[in-house]
Amino acid sequence: MLWLLALPTLIVVNARVWTGTAWTEAVAVSGERILATGTSGEMRALAAPGATILDALGDYLTAGFNDAHFHLPDPPLGHVPLPLAGMKTRAEMLRRISVYAANVAPGEWVVGEGWTNVAPSREELDRAAPRNPVSLVHRDGDRVVANTLAVRAAGGDGLDALELARLPGAYVRRLEAALAALPSLGLTSIQHIGSWQQLLALRRVKLPVRVYASVPLKHWRRLRDLVEREGRGDEWLHWGLLKGWANQWRGEEEWSGHIQGATAAGLQVAMHVGDERVLHGLLSIMARVDSPGSRFRLEHVNGLPLDTVAEMARRKAMASVQPTLLAEPGKAKLLFAGRELLEAGVRVAFGTDSGSSGATPPLAVMKIALERPGPDGRRISLEQAIDAYTYGSAYAEFAEERKGRLTPGSLADFVVFDRGLGAIRLTVIGGRIAYQEPKAAMSAASGAR
């Protein structure tokens, strides 16, 4: 079936193509969208003068890999933020700020966080730290007070302006370099687990891959306001995800308010699952959050107990899985209940938890997922592994209608890799070649054949 009767600009033939629903041989692209899939002969017959035709020589071709749990490099912290939680009076807070500022170089930022109902005035902060810009963020991350030096440096007294002012240009260049390396790994999309400051930086760079950016759960009011003011972004950068870190369970009251507030605001929540107790506690909160379309995400559910699978399915919770974590030292005995999750109807999205030390290649993740058996000894299939890294991840960011499968009209984001899952041959993003292996044997020609 052709999409809008458009002419192809790029055709890849002689491939082992997984569309997301079936195997075929070739794909045709028109501009930024998938035009059609079918046999090599059918796709060649669509070619018009000027179209590029590539021969994949029998390699796999799938939708582009979408890492559902990725960490781009962190901005430099400078000094550790000054803790302000528990301060009962302005005088107490100002004394702490004054002592802290006296021990850092003139001009260095003094950044505090955690204040609640006690906030000094700008003039008081000027007197406490006359040589340093000062920015103090509320415990919930949605309010800030600053002194005159900070406001001048930022060009305003808003949270965004103050955070951008502290972001060095060298970090933006490092961020761009990290992003530029991703197409060579077959990544066409990432879901970045990061900070508000990183979201601000991402909005100011030209992105080579598509990014779904998260911010910490405590910022849910700030994110709600951004969505109401500016929407949720575009096909290259969008937002709406909040991440909470529940490494230990100290009771539902710690997380329940944030999760319910964020969900009621139409935002998506992803929670770090530190252990089995945390998992059961989060599922208990979900039972009271009546929002079946929220796509609540449980991160790091690797080696989870089987008795939670049915409950995850009932709550329509998503399993965000990082198979590479199963291969870490000391985790050799952990089983991967991939088939059990999928057969129960739980949506599974693959990621890596890659950090600033570098991105883990998706093909290495696929190998681990394919090799690690489940509790009954069964392993997931190649098709299931591909789907978890493409369609499952797209579903995890509410993007399954436009990417994750090779269907007419979807974004032309796809990857070609060898049959041994060892090398990326070609990465196409938005219909353009973003990476091609220098020694790839793929042949190219222009025009109809």
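These are my notebook entries on the sheets, cores and a few residues I looked up in this structure, which is a predicted model.

**Entry 1: the eight-stranded sheet**

I began with the strand order. An open sheet of eight strands runs S8-S13-S14-S15-S16-S17-S18-S19, with parallel pairing. Which strands stand at its edges? They are S8 and S19 (348-350); each has a single partner strand, so one side of each is left without a neighbour in the sheet. I also noted the twist, which averages 25 degrees from one strand to the next.

**Entry 2: S13 and its partners**

Next I followed S13 (residues 187-193). Strand S13 is mostly covered, with seven of its seven residues buried. On one pairing, strand S8 (residues 65-70) joins S13 in the parallel sense over four bridges, and Asn66 stands opposite Ser189 there. On another, S13 pairs with strand S14 (residues 210-216), also in the parallel sense, over five bridges. In that pair I found His192 of S13 bridged to Ala213 of S14. How does the chain get from S13 to S14, and what is the hand of the crossover? The path goes through helix H7 (residues 196-202), and this β-α-β crossover is right-handed.

I then stepped on to S15 (residues 237-246). Strands S14 and S15 pair in the parallel sense over six bridges, with Val211 opposite Leu237 in S15.

**Entry 3: Arg210**

A charged residue in S14 caught my eye, so I gave Arg210 its own page. Is Arg210 buried or exposed? Its relative accessible area is 2%, and because buried means under 20%, Arg210 counts as buried.

I listed its contacts beyond four places in sequence: Thr188, Ser189, Ile190, Glu235, Trp236, Lys403, Leu411, Asp413, Ile429 and Gly430. Ser189, among these contacts of Arg210, is the residue I had already met opposite Asn66. What joins the side chains of Arg210 and Asp413? I found a polar contact of 2.6 Å between them. I also checked Glu32, which is 178 residues from Arg210 along the chain; their C-alpha atoms are separated by 13 Å.

**Entry 4: the nonpolar cores**

Then I turned to the nonpolar side chains. The largest core has 79 residues, and Leu179, Ile259, Leu298 and Phe350 touch the most other members. Which element gives this core its largest share? Helix H10 (residues 276-288) does, with six residues. Apart from this core lies another, of 18 residues, including Ile97, Val104, Ala128 and Val145.

I picked Ile259 for a closer look. Leaving out neighbours within four places in sequence, Ile259 is in contact with Leu217, Val269, Met271, Leu282, Ile285, Val289 and Phe296. A general reminder to myself: in soluble globular proteins, nonpolar side chains tend to be buried together.

**Entry 5: the four-stranded sheet**

There is also an open sheet of four strands, in the order S9-S10-S11-S12, and its pairing is mixed. Strand S9 (82-83) and strand S12 (144-146) stand at the edges, each with a single partner strand, so each has one side without a neighbour in the sheet. S9 pairs with strand S10 (residues 110-115) in the parallel sense over two bridges, and Pro83 stands opposite Glu113 in S10.

**Entry 6: helix H14**

My last stop was H14 (residues 382-389). How many of its eight residues are buried? Six are, so I call this helix mostly covered. The buried residues are Leu382, Ala385, Ile386, Asp387, Ala388 and Tyr389.

Notes:
Residues numbered from 1 in each chain as written. Predicted model: local features only at pLDDT ≥ 70, side-chain atom pairs only at ≥ 80, totals over all residues. Heavy atoms only, no water. Buried < 20%, exposed > 50% of the residue type's maximum accessible area, 1.4 Å probe, protein only. Core = buried A, V, L, I, M, F, W, Y, C linked by side-chain atoms within 4.5 Å. Contact = heavy atoms within 4.5 Å. Pairing = 2+ DSSP bridges. Right-handed = clockwise from strand over helix to strand, strands pointing away. Axes fitted to C-alpha atoms, helices over the stretch in contact; angles between N-to-C directions. Polar contact = N/O pair within 3.5 Å; in protein donor to acceptor, adjacent residues only side chain to side chain.
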